[in-house]
Amino acid sequence: MKSSPLRRTCRDRLRQLEEQGLRMPRPFDAPQLCQRVGAVLGQRITLVGVPMPAGAPFGLTFFTDAGHVVAYEERTSRVHRDHIIAHEIGHILLGHRALALDDQQASQLLMPALRPTLVHRVLARTGVYSRGEEQEAEMMATILLEAAARDTDLGSAPARDDAGPVTDAALEARLRHGLEPPPR
């Protein structure tokens, strides 16, 4: 999917949510964003920092009857953590539902040292998203973080969607720090 239609899809969704009362915390505050998104959607969002095993994603969202649990890699920079959480919130805002994994896949991905039946019993369900959903969540994360940095409305558009290389120094710094290896 091209950047412009993808951005438009995410902005349209954010405009809908703004009309329902969603406001971006400025400066960006992940727990506050989760509280605000949860209030608008009528679903509790709980953040849980965990040391993710090697080979696992940096963040995961678990959909439960009581709401959502966003697990994120706790051993990383704040900038990277904020991006991970914003990405997972993107999945929630866009209404993505993960494809179910079987017990063996979930165990291998999340907790390779634990028995599959124990992981299934503890987590109940988890899954993976399509490539398109991952791109949408990534774009949503970018828009959320840009909005917090630029002090603009969530759904407002920059001058051009296809502006070319990133020139915003704050965004460049976030990317640079977000890609650095976590401190040991």
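**View 1. The largest nonpolar core of this predicted model.** Twenty-nine is the count to keep in mind: this core has 29 residues, and F28, I89, L93 and L144 are those with the most contacts inside it. The elements giving two or more residues to this core are the helices and strand labelled α1 (3-19), α2 (30-41), β3 (67-73), α3 (78-93) and α6 (131-150). Of these, α6 gives the most, with seven residues. As a rule, nonpolar side chains in soluble globular proteins tend to be buried together.

**View 2. I89 and what it touches.** Let's zoom in on I89, one of the residues with the most contacts inside the largest core. Leaving aside residues up to four places away in sequence, I89 touches L33, C34, V37, I45, V70 and L144. L144 turns up again here, as it is also among the residues with the most contacts in that core.

**View 3. A second core.** Separate from the largest one, this core has five residues, including M52, A56, L60 and F62.

**View 4. The β2–β3 hairpin.** Here β2 and β3 form a hairpin, with two residues between them. The strands run antiparallel and pair over six bridges; T64 stands opposite G67 in β3. How much of β2 is buried? Five of the six residues in this strand (residues 59-64) are, so β2 is largely enclosed by the rest of the structure.

**View 5. A cis peptide bond at P27.** In the loop between α1 and α2 sits P27. The peptide bond from R26 to P27 is cis, with omega near 0 degrees. For context, most peptide bonds are trans.

Technical notes. Residues numbered from 1 in each chain as written. Predicted model: local features only at pLDDT ≥ 70, side-chain atom pairs only at ≥ 80, totals over all residues. Heavy atoms only, no water. Core = buried A, V, L, I, M, F, W, Y, C linked by side-chain atoms within 4.5 Å. Buried < 20%, exposed > 50% of the residue type's maximum accessible area, 1.4 Å probe, protein only. Helix = DSSP H or I, 4+ residues; strand = E, 2+ residues; numbered from the N terminus. Contact = heavy atoms within 4.5 Å. Pairing = 2+ DSSP bridges.
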